[in-house]
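Visitor: I should be grateful for a close look at a single strand of this structure. Please describe its setting in one connected account.

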Amino acid sequence: MVAARSDAVNTYEYDQQTVKVDLRESWHIRDVEISTRLVLAPMAGVSVQAFRRQGRRFGAGLVCSEMVSCAGIEHRNEKTLGYLRVASDEHPLAIQIFGSEPRTMADAARMVEAAGADLVDINFGCPVRKVTKTGAGATLLDEPARAAAIVEAVANAVDVPVSVKMRRGLRDGARTCLEVGPQLIDAGAATLTLHPRSAQQMYTGTADHSLTAELVSLVDVPVIASGDVTSRAKAQAVLATTGASAVMVGRGAQGNPWALREIVDGTGGEPTREEVVAELVLFIRETVRELGERRASGFLKKFYGWYLGRGRFPRPFKQELVVLDSTEDVERRLIAAAPGALPLIEELEAELPSGDEVQLNLPISIYGGG
Ligand SMILES: Cc1cc2nc3c(=O)[nH]c(=O)nc-3n(C[C@H](O)[C@H](O)[C@H](O)COP(=O)(O)O)c2cc1C
């Protein structure tokens, strides 16, 4: 064993002397090649196209969409952020769907595949009541027969591999994922992602990756470990102690793509102010292009704190930005604070593909979690 797990505090002590897992090594989910062992997490209200693209640029081998609602196939009255757009520079891309009916999930999966998804991901992890009360998300872990029927229907509907993202179970201490996981593989899932917290826990406590290790030992498909990976040391420890094929990073990448580079390459460190402003301005511009000014201006406010915090800019600067009326004003103010960002922004803009987007006509759900 290369690392020892301390049960008392549920942390990992990584033995520096032993072989480290190479995060730059490619791996496969069936015939989909994934260039690094780092996956960018699906996060509702966060994983817009700008986030996914940025994740790819900073080293994520696979990126995931926000969850899209298959209920949108039958009735389109859900309050949403709009529709998902997929561009050529995002691949490989997993598009996540959620729902509770095998037939509508299969229909959604076909649409997702047609929009260009390299993987169809099924959400069995969302703990948010608005989702669980419809019989979708984490509640399906307590209904293994229905969960397996959904996976089977989806796997039969598409040619691309099907993945499932789940929590450990509904209640604290649950080990449901270990019973349900192998059944989902038998039903046709090509990979499993485990966020080993219970739905009841939401985001409190810690992710117990000893469960990830148990799951890895029970199935013969790649497993992705999600939860509390924020540094290279933690990523290597989780990979080494669990045998997972990849780590997934969510909150650690919010306003901080540099963490992804640090995790994959061990390089990077803190960005300069110019780099922070350049990434944020590009993020703003792309999000406005995707969501439109009205929706984007509210949506983006949380990102200002994420980018400008961590001691990068004084706190009042963020307060100043969130009260500005338009994203153009925000951009102007950011560039005034770091004029050297302009050439960087031009370089980043020049790298974007032009006009090759496909729109998926299923609504993005605002109720995230998993
Ligand atoms: C704001 C937010 C939204 C999320 N939305 C989703 C989602 O739509 N689908 C999903 O499977 N997981 C979702 N998650 C869970 C993450 O994908 C991930 O499993 C979890 O945050 C643990 O990883 P982390 O510690 O790296 O953040 C969300 C998490 C956050 C913080």
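Guide: The account below follows strand β9, its partners, the core and the ligand. The model is a predicted one, and the description should be read accordingly.

Strand β9 spans residues 119-124, and six of its six residues are buried. Its side chains are divided between two directions: Leu-119, Asp-121 and Asn-123 point one way, while Val-120, Ile-122 and Phe-124 point the other way. The polar residues Asp-121 and Asn-123 are thus listed with Leu-119 on one side of the strand, and they too are buried.

Two strands pair with β9. Strand β8, residues 93-98, runs parallel to β9 and is joined to it by four bridges. Within this pairing, Ile-97 of β8 stands opposite Ile-122 of β9. The connection between these two strands involves helix α2, residues 102-114, and β8, α2 and β9 together make a right-handed β-α-β unit. The other pairing is with strand β10, residues 162-169, again in the parallel sense, over five bridges. Here Asp-121 has Ser-163 of β10 as its bridge partner.

At the end of the strand, Phe-124 leads into the core. The largest nonpolar core holds 111 residues, and Phe-124 is one of the four that touch the most other members, the others being Leu-184, Leu-308 and Leu-334. Helix α9 gives the most to this core, with nine residues. When neighbours within four places in sequence are left aside, the contacts of Phe-124 include Gly-137, Ala-138, Leu-140, Leu-141, Ala-147, Ile-150 and Val-151. Val-164, Lys-165, Met-166 and Arg-167 are also in contact with Phe-124, and these four fall within the 162-169 span of β10. Leu-184 is in contact with Phe-124 as well. A second, separate core has six residues, among them Met-67, Val-131, Ala-136 and Tyr-367.

Asn-123, which points the other way from Phe-124, brings the strand to the ligand: one of its polar side-chain atoms lies 3.2 Å from a ligand nitrogen atom. There are 19 residues around the ligand, of which Pro-42, Gln-96, Ser-226, Asp-228 and Arg-251 come nearest. Gln-96 belongs to the 93-98 span of β8, the parallel partner of β9. For Arg-251, a polar side-chain atom lies 2.7 Å from an oxygen atom of the ligand. Gly-250 approaches through its backbone, with an N or O atom 2.8 Å from a ligand oxygen atom.

How values were computed. Residues numbered from 1 in each chain as written. Predicted model: local features only at pLDDT ≥ 70, side-chain atom pairs only at ≥ 80, totals over all residues. Heavy atoms only, no water. Buried < 20%, exposed > 50% of the residue type's maximum accessible area, 1.4 Å probe, protein only. Pairing = 2+ DSSP bridges. Right-handed = clockwise from strand over helix to strand, strands pointing away. Core = buried A, V, L, I, M, F, W, Y, C linked by side-chain atoms within 4.5 Å. Contact = heavy atoms within 4.5 Å. Near = heavy atom within 4 Å. Polar contact = N/O pair within 3.5 Å; in protein donor to acceptor, adjacent residues only side chain to side chain.
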